[in-house]
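Let's take a relaxed walk through a protein model, one side chain at a time. Have a look at the picture before reading on.

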Amino acid sequence: MKNITDSFLCLGYWPSAGSFGFNTDILATNPINLSVVLGVLVFFGKGVLSDLLDNRKQRILRTIRNSEELREGAIEQLEKAQARLRKVETEADRFRVNGYSEIEREKLNLINSIYTTLEQLENYKNEAIHFEQQRVINQVRQRVLQQALQGALGTLNSCLNNELHFRTVNVNIGMFGTMKEKNN
């Protein structure tokens, strides 16, 4: 008599140690398949997500550097304007008798235009930073939502308990039995 452990196909039976067999119990093999698929996704997806976040970080750092360069340019303009202001003030001392009020007006206009320019540059920098932050936040939210949905789907798939399993098997056996009776 042939030993059951020597066969290659053991239906509904777990083979003993040292033998080979196919597990035809779909419900028992699904968690294993899901864990393998999830393991592969985590292994390969981690690098992709890391690369995406690194690229986003580089873009944000580039934007911040650009904003800092604009700020430095504004500071240079401010220094030049302050130098011009000092020059205007020395000229004002020389021409105080002839037109003190005209020089004061020019000085105020110059200061106001400088502050307006600085405010515009500061607003541009803040808007650029805010825009990049919102884009990053939205991307992270989308990633988290996708992962949460995948986790929920995995949880739902893993919630198949023994009672539901036996009920499903019994219904399928009953349906198979009625189909077999109809065919005979």
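## Starting with one arginine

Let's begin with Arg71, which counts as partly exposed because its relative accessibility is 40%, and partly exposed is the class between under 20% (buried) and over 50% (exposed). Keep in mind that what you're looking at is a predicted model.

What does the side chain of Arg71 meet in a salt bridge? The partner is Glu68, with 3.8 Å from N to O. Opposite charges on side chains can pair up when the charged atoms come close. Glu68 and Arg71 both sit in helix H1, three residues apart, and that's about one turn of the helix. Glu68 is partly exposed too, because its relative accessible area is 32%, which falls between the 20% and 50% cut-offs.

## The overall layout

Now let's step back a bit. The protein chain has three helices and zero strands, so if you read along the sequence you get the pattern α-α-α. Helix H1 covers residues 26-94, and helix H2 covers residues 96-158.

How much of the protein chain is buried? Of its 184 residues, 11% are buried.

## A little salt-bridge network

The count of salt bridges comes to four. You've already met Glu68 with Arg71. Another one joins the side chains of Arg56 and Glu132, at 3.4 Å from N to O. This pair links distant parts of the chain: Arg56 belongs to helix H1 and Glu132 to helix H2, and they're 76 residues apart. Are Arg56 and Glu132 buried or exposed? Both are buried. For Glu132, the relative accessible area is 10%, so the residue falls under the 20% cut-off for buried.

Glu132 has a second salt bridge, this time with Arg135, at 3.8 Å from N to O. Glu132 and Arg135 are about one helical turn from each other because they're three residues apart in helix H2. Arg135 counts as partly exposed, with 32% relative accessibility. Put these pairs together and you have Arg56, Glu132 and Arg135 linked in a network of salt bridges.

## A patch of negative charge

Which residues form a negative surface patch? They're Glu69, Glu72, Glu76 and Glu79. Take Glu72 as a sample: this residue lies in helix H1. Glu72 is partly exposed because its relative accessible area is 48%, and you need over 50% to be called exposed. A patch residue needs over 30% relative accessible area, so Glu72, at 48%, clears that bar.

## A nonpolar patch and a listed region

There's a nonpolar patch on the surface as well, of about 520 Å². Ile32, Val36, Val40, Phe43 and Phe44 make it. Phe43 is found in helix H1. Is Phe43 buried or exposed? It counts as exposed, because its relative accessibility is 58% and the cut-off is over 50%.

Here's something from a record: in an unreviewed entry, UniProt lists residues 32-53 as "transmembrane region". In the model, that span is 100% helix and 0% strand. The C-alpha atoms at the ends of residues 32-53 lie 31 Å apart.

How values were computed
Residues numbered from 1 in each chain as written. Predicted model: local features only at pLDDT ≥ 70, side-chain atom pairs only at ≥ 80, totals over all residues. Heavy atoms only, no water. Patch = residues over 30% accessible without salt bridge, like charges linked within 9 Å, V, L, I, M, F, W, Y side chains within 5 Å. Areas by Shrake-Rupley, 256 points an atom, 1.4 Å probe, with all protein chains shown as cover. Lys, Arg positive; Asp, Glu negative; His and termini not counted. Charge placed at Lys NZ, Arg CZ, Asp CG, Glu CD. Helix = DSSP H or I, 4+ residues; strand = E, 2+ residues; numbered from the N terminus. Buried < 20%, exposed > 50% of the residue type's maximum accessible area, 1.4 Å probe, protein only. UniProt positions renumbered as here; feature names shortened; annotations may be inferred.
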